[in-house]
Amino acid sequence: MRVPYSLIPSSTPMGKEIISKVPLLKLGFKDYYINCLIDSGAAVSVMPAGFGEALGLEIKKGEPFIMKGIDNINIPSYIHGVNFFINKYKIKLKIAFSYSFNFPFGLLGREDFFDFFNVDFHQKEGFYEIKPS
Amino acid sequence: MKKIKEIDLTDLIRPYAKENLWIALNTAQDKVIATGKTLKEAIDNAKKISNEKPVLMQAVQDYSTFILGY
């Protein structure tokens, strides 16, 4: 499955406004999709707690998990197994939901997601390709 | 390899980025169908307006913080 990259507003370290090309992937739930960034640098998939609450999860009933962020900051979270669709593929991912993770989209990390799928990035051509592994 | 046209979200995001609203895009991601101050509100507002399955994300003026650089 070929998925186009997404273009979003960003800036350089000098403050110049630019447009960044990122691999966003829409995860399909029953009534809606949530955009997630494919982040091979992240060990686990992470979402703001509000994403889980919208799915009807009782966040604090999940398995407590401390993530290590940039600058060695501890990010408390709760892991839940979540079912969703990527195109025709139904998969279950372990996702860490956190009240301290205020991101505008979810992050798809290596555990589970990169076990289910091989991802080939073709940034210059404007797309990435997902294939079941 | 043949180039594929990217999904350009920049102009769709900008009107809602100042307030950091959650946006519900149509499935093709070329139109904003609803917004909300929370994810849940955006989902509920989208359901009222359209039968289309929306794509949710938060509008932000500058995503560089979330993508580690530019």
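Two strands are taken to pair if DSSP finds at least two bridges between them. Strands themselves are DSSP runs of E of at least two residues, and helices are runs of H or I of at least four, numbered from the N terminus.

Good morning. The model I am presenting is predicted: local features need pLDDT of at least 70, and side-chain atom pairs count only at pLDDT 80 or more, while totals for chains, interfaces and linings use all residues. Residues are numbered from 1 along each chain as its sequence is written, and chains are lettered from A and ligands numbered from 1 in the order in which they are written.

I begin with pairing between the chains. Strand β5(A) runs parallel to strand β4 (residues 55-58) of chain B, and two bridges join them. Within that pair, A:Ile34 lies opposite B:Leu56.

A second element shared by both chains is an open sheet of three strands, in the order β3(A)-β2(A)-β1(B), with mixed pairing. Its edge strands, each pairing on one side only, are β3 (17-22) of chain A and β1 (7-8) of chain B. Six bridges connect β2 (residues 6-11) of chain A with β3(A), and these two run antiparallel; A:Ile8 faces A:Ser20 across them. Helix α1 (residues 10-17) of chain B packs on this sheet, touching β2 and β3 of chain A as well as β1 of chain B. Contact here requires C-beta atoms, placed from the backbone, within 7 Å. The direction of the helix makes about 50 degrees with that of β2(A), where axes are lines fitted to C-alpha atoms, for helices over the stretch in contact, and angles run from 0 to 180 degrees between N-to-C directions.

How many residues does each chain bring to the contact? Chain A provides 32 residues and chain B 30 residues. On the side of chain A that touches chain B, β2(A) gives the most, with six residues.

Let me turn to the interior. The largest nonpolar core has 53 residues, and among those with the most contacts inside it are A:Cys36, B:Ile43 and B:Leu56. Such a core is a set of buried Ala, Val, Leu, Ile, Met, Phe, Trp, Tyr and Cys residues joined through C-beta atoms within 7 Å; buried means 20 or more other C-beta atoms within 10 Å of the residue's own. Strand β5 (residues 33-38) of chain A contributes the most to this core, five residues. Beyond its neighbours within four places in sequence, B:Ile43 is in contact with A:Tyr32, A:Ala54, B:Ala24 and B:Leu56.

Definitions and conventions. Two residues are in contact if their C-beta atoms, placed from the backbone, lie within 7 Å. A residue is buried if 20 or more other C-beta atoms lie within 10 Å of its own, exposed if 12 or fewer, and partly exposed in between; C-beta atoms are placed from the backbone.
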